[in-house]
Amino acid sequence: MVALRARKTNNEADQPSSPVLRFGADKPLKLDAGTLLSPFQIAYQTYGTLNDARSNAILVCHALTGDQHVANTNPVTGKPGWWEVLIGPGKIIDTDRFFVISSNVIGGCLGSTGPASTNPATAKPYGLDLPIITIRDMVRAQLMLVEHFGIEQLFSVLGGSMGGMQVLQWASSYPERVFSALPIATGARHSSQNIAFHEVGRQAVMADPDWHGGKYFEHGKRPEKGLAVARMAAHITYLSEAALHRKFGRNLQDREALTFGFDADFQIESYLRHQGMTFVDRFDANSYLYMTRAMDYFDLAADHGGRLADAFAGTKTRFCLVSFTSDWLFPTEESRSVVHALNAAGASVSFVEIETDRGHDAFLLDEPELFAAIKGFIASAARARGLGA
Amino acid sequence: MRQASAHGPEKLQTFRIGIMRQARAERMSVNRAQRVDLEVVADLIPPQSRVLDVGSGDGLLLELLQATKKVDGRGLELSQRGVNECVARGLSVIQGDADKDLQFYPDKGFDFVVLSQTLQATRNPKLVLDELLRIGNRAIVSFPNFGHWRVRFSLLFNGRMPVTRDLPYSWYDTPNIHFCTIRDFVNLCDELGATVEKATALDANGQRIGFSMPWWFWNFFGQQAVFLLKR
């Protein structure tokens with residue numbers, strides 16, 4: 001059963017359900033690690049129609065464990081797309097008006113080249129032989145996808161968390177290609193505390209004997225226990241103390257009294273165990289290592305001599321940043337420092353902090369104020385871009 | 001609007017008539033549009049200017065300016081509710097504090113920086129005004145005049161901090177911690193080396209007070225003042 005599941009994930013990595021764009025030896029991906037990735041592939045989804053002027057494209061960037069299945073049923077989980085509340089026909093991001101592109105990031109495990117993909121040099125999964133991937137590498141690959149569609153300038157780039165990092169990287173690396181940018185619940189760098197949480201997750205994966213130094217596929221195993229623990233720890237950081245208490249309190253799970261043992265007495269324990277278990281069914285452990293590392297390495301100011309404003313010098317992109325009051329992974333101050341840098345760069349910027357107790361994950365949920373901000377921002381940007389109402 | 005303030009005593013009769021007319025008009029004053037000062041501010045801004053509205057509130061001025069002057073407008077607003085409403089309406093507004101966040105804007109990044117009805121609520125009005133003059137080629141400041149006769153009478157006859165229709169807060173819960181009079185403000189401009197290019201006083205009806213009137217008249221009957229400054 002474990003082997004079967006392992007194979008399935010591996011298949012989605014090499015032969016995904018999504019369309020795939022393959023780049024051969026003539027078009028390698030230049031990596032920040034100093035090497036070239038070639039050949040490589042990008043798995044993507046699109047929604048809506050690209051207009052004749054190719055001016056209505058919106059790129060959606062996914063978070064740490066997200067994927068390209070933004071607004072369609074996820075082929076692995078069978079669940080709705082992760083941003084279907086926001087994106088679709090007649091929705092806030094209206095696919096009747098806009099051409100929405102989303103791709104699996106490089107280093108991911110749902111069809112873009114990542115550690116679970118087959119290394120053509122060895123005919124085995126890359127494992128840790130894949131060079132470290134950075135946020136900028138992900139964005140470079142996305143640019144190649146966007147160019148494939150013949151799109152000179154994206155009308156908008158949006159995403160939350162790690163997706164928001166990609167948005168900031170896009171706006172910094174390719175300002176002329178980004179008309180508007182919506183980085184949500186994110187920051188221009190990963191904080192020490194965030195790196196610390198990620199390290200806990202990585203150590204949990206690597207401590208699992210089934211990890212086998214990253215070569216678990218070759219052993220017909222997967223480090224499910226370690227990855228589940230990593231997910232459980234991370235999941236806590238996506239919520240808030242208030243939300244946890246509101247949802248679970250000290251309620252007991254299917255029992256009248258404490259059992260005086262280490263079974264999941266409390267609902268919160270049972271919930272986290274469930275989160276961990278379902279996660280390993282859909283995500284590759286090595287990919288989790290690569291994704292967390294990419295976020296840890298992200299520091300946009302450091303790439304510009306320590307001055308974040310220089311990352312956006314002369315930008316004409318219109319920005320809208322959103323943060324959530326109870327997000328302790330990317331607290332409002334992280335967004336505010338980006339806003340200050342954008343002000344210093346003379347950029348057009350809106351910034352909304354939304355009052356909610358739902359923590360970091362609020363960006364994935366039905367948050368009316370978030371939707372109102374996105375709607376207003378997109379509408380005014382569309383007017384400025386001449387995309388009509 | 002006034003460009004100069006020299007007036008001779010021969011105008012005394014005009015003042016007397018003016019005073020009586022003002023007093024009568026204010027007795028009859030009703031709920032005219034509360035923020036007439038916004039129209040006065042808008043009149044000072046040429047089309048297509050780059051404008052930063054500090055204390056943009058619900059975005060009324062920015063919307064007015066975008067609709068009538070096609071300006072490139074940005075806002076800075078303290079209240080989260082105000083900001084969220086503005087952004088939902090497509091305005092470029094960020095949440096921030098005039099006392100803390102103006103330092104992040106570059107020198108002369110805007111043609112006009114507007115501070116409307118906010119100066120009196122800042123912690124350090126002198127510093128804020130200094131920042132406005134740094135960030136904008138010109139600064140436009142509107143504020144309630146604490147020298148208005150209603151305020152003076154309230155203090156004089158009631159012996160209590162004035163609570164009027166336009167300044168409805170009690171002393172203990174007011175956000176307005178640094179009131180000034182028109183004359184105080186002119187002095188501050190002098191201290192900061194700012195030139196008053198134009199000034200307008202509005203009476204309680206939101207009517208512009210005749211430019212032929214002297215400063216003391218403005219200071220007595222002006223309920224609000226709007227200044228265009230340059231440094």
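**Domains of chain A**

I started with the domain assignment of chain A in this predicted model. Domain 1 comes in two pieces, 2–191 and 301–385, and domain 2 covers 194–293. I took the distance between the C-alpha centres of domain 1 and domain 2 of chain A and got 25 Å. I then listed who touches whom: domain 1 of chain A puts 35 residues into the contact, and domain 2 of chain A puts in 26.

Which elements give two or more residues to the domain 1 side? I noted α1 (2–14) and β10 (124–125) of chain A. The largest share of that side is from α1(A), with seven residues. Sorted by class, the side of domain 1 of chain A that touches domain 2 of chain A has 17 nonpolar, 13 polar and five charged residues.

**Helix pair α4/α8 in chain A**

Next I looked at α4 (residues 192–207) and α8 (residues 285–297) of chain A. I find them packed at an angle of about 160 degrees, with 10 Å between their axes. I therefore put α4(A) and α8(A) down as roughly antiparallel, since the angle is over 145 degrees. For handedness I wrote left-handed for the crossing of α4(A) past α8(A).

I went through the residues at the contact. From α4(A) they are A:Ile195, A:His198, A:Gly201, A:Arg202 and A:Val205. These meet A:Ala285, A:Tyr288, A:Leu289, A:Thr292, A:Met295 and A:Asp296 in α8(A). By class I have six nonpolar, three polar and two charged residues in the contact of α4(A) with α8(A).

**Loop between α6 and α7 of chain A**

I stayed in chain A and moved to the loop between α6 (241–247) and α7 (267–282), where A:Asn251 is found. Is A:Asn251 buried or exposed? I have 11 C-beta neighbours inside 10 Å, so A:Asn251 counts as exposed.

What does A:Asn251 touch beyond four places in sequence? My list has A:Phe266 and A:Gln267. I also checked A:Asp265, which is 14 residues from A:Asn251 along the chain; their C-alpha atoms are 8.6 Å apart.

A:Asp254 has its place in the loop between α6 and α7 of chain A too. I flagged A:Asp254 for its positive phi of about 50 degrees, although it is not a glycine. With 8 C-beta neighbours inside 10 Å, I class A:Asp254 as exposed.

**Other backbone flags in chain A**

A second positive phi: I have A:Ser161 near 60 degrees, and this residue is not a glycine either. A:Ser161 lies in the loop between β11 (154–160) and α3 (162–173) of chain A. How many C-beta neighbours does A:Ser161 have inside 10 Å? I have 27, so A:Ser161 counts as buried, the threshold being 20 or more.

I also looked up the peptide bond joining A:Ser38 and A:Pro39: it is cis, with omega about -10 degrees. I place A:Pro39 in the loop between β3 (36–37) and β4 (40–47) of chain A.

**Chain B overall**

Turning to chain B, I get nine helices and seven strands. Chain B has 231 residues, and buried ones make up 43% of them. I asked how far apart in sequence its contacts reach: of those with a separation of 6 or more, 66% are between residues 24 or more positions apart.

**Where chain B touches chain A**

The contact between the chains takes 21 residues from chain A and 16 residues from chain B. On the chain B side, α4 (80–88) and β3 (92–95) each supply at least two residues. I credit the largest share of that side, five residues, to α4(B). The chain B side divides into eight nonpolar, six polar and two charged residues.

So what does α4(B) pack on? I find helix α10 (residues 368–385) of chain A, at an angle of about 45 degrees to α4(B), with the axes 7 Å apart. I therefore call α10(A) and α4(B) oblique to each other.

For the residues, I noted A:Glu369, A:Ala372, A:Ala373, A:Lys375, A:Gly376 and A:Phe377 in α10(A). Their partners in α4(B) are B:Asn84, B:Val87 and B:Ala88. By class, I have five nonpolar, two polar and two charged residues in the contact of α10(A) with α4(B).

Methods:
Residues are numbered from 1 along each chain as its sequence is written. Chains are lettered from A and ligands numbered from 1 in the order in which they are written. This is a predicted model: local features need pLDDT of at least 70, side-chain atom pairs count only at pLDDT 80 or more; totals for chains, interfaces and linings use all residues. Two residues are in contact if their C-beta atoms, placed from the backbone, lie within 7 Å. Helices (H or I, at least four residues) and strands (E, at least two) are DSSP runs, numbered from the N terminus. Ala, Val, Leu, Ile, Met, Phe, Trp, Tyr, Cys and Pro count as nonpolar, Asp, Glu, Lys and Arg as charged, and the others, Gly among them, as polar. Axes are lines fitted to C-alpha atoms, for helices over the stretch in contact, and angles run from 0 to 180 degrees between N-to-C directions. Angles under 35 degrees count as roughly parallel, over 145 as roughly antiparallel, 65 to 115 as roughly perpendicular and the rest as oblique. A crossing is left-handed if the near helix is turned anticlockwise from the far one by less than a right angle, and right-handed if clockwise. A residue is buried if 20 or more other C-beta atoms lie within 10 Å of its own, exposed if 12 or fewer, and partly exposed in between; C-beta atoms are placed from the backbone. Domain bounds come from an automatic or database domain assignment.
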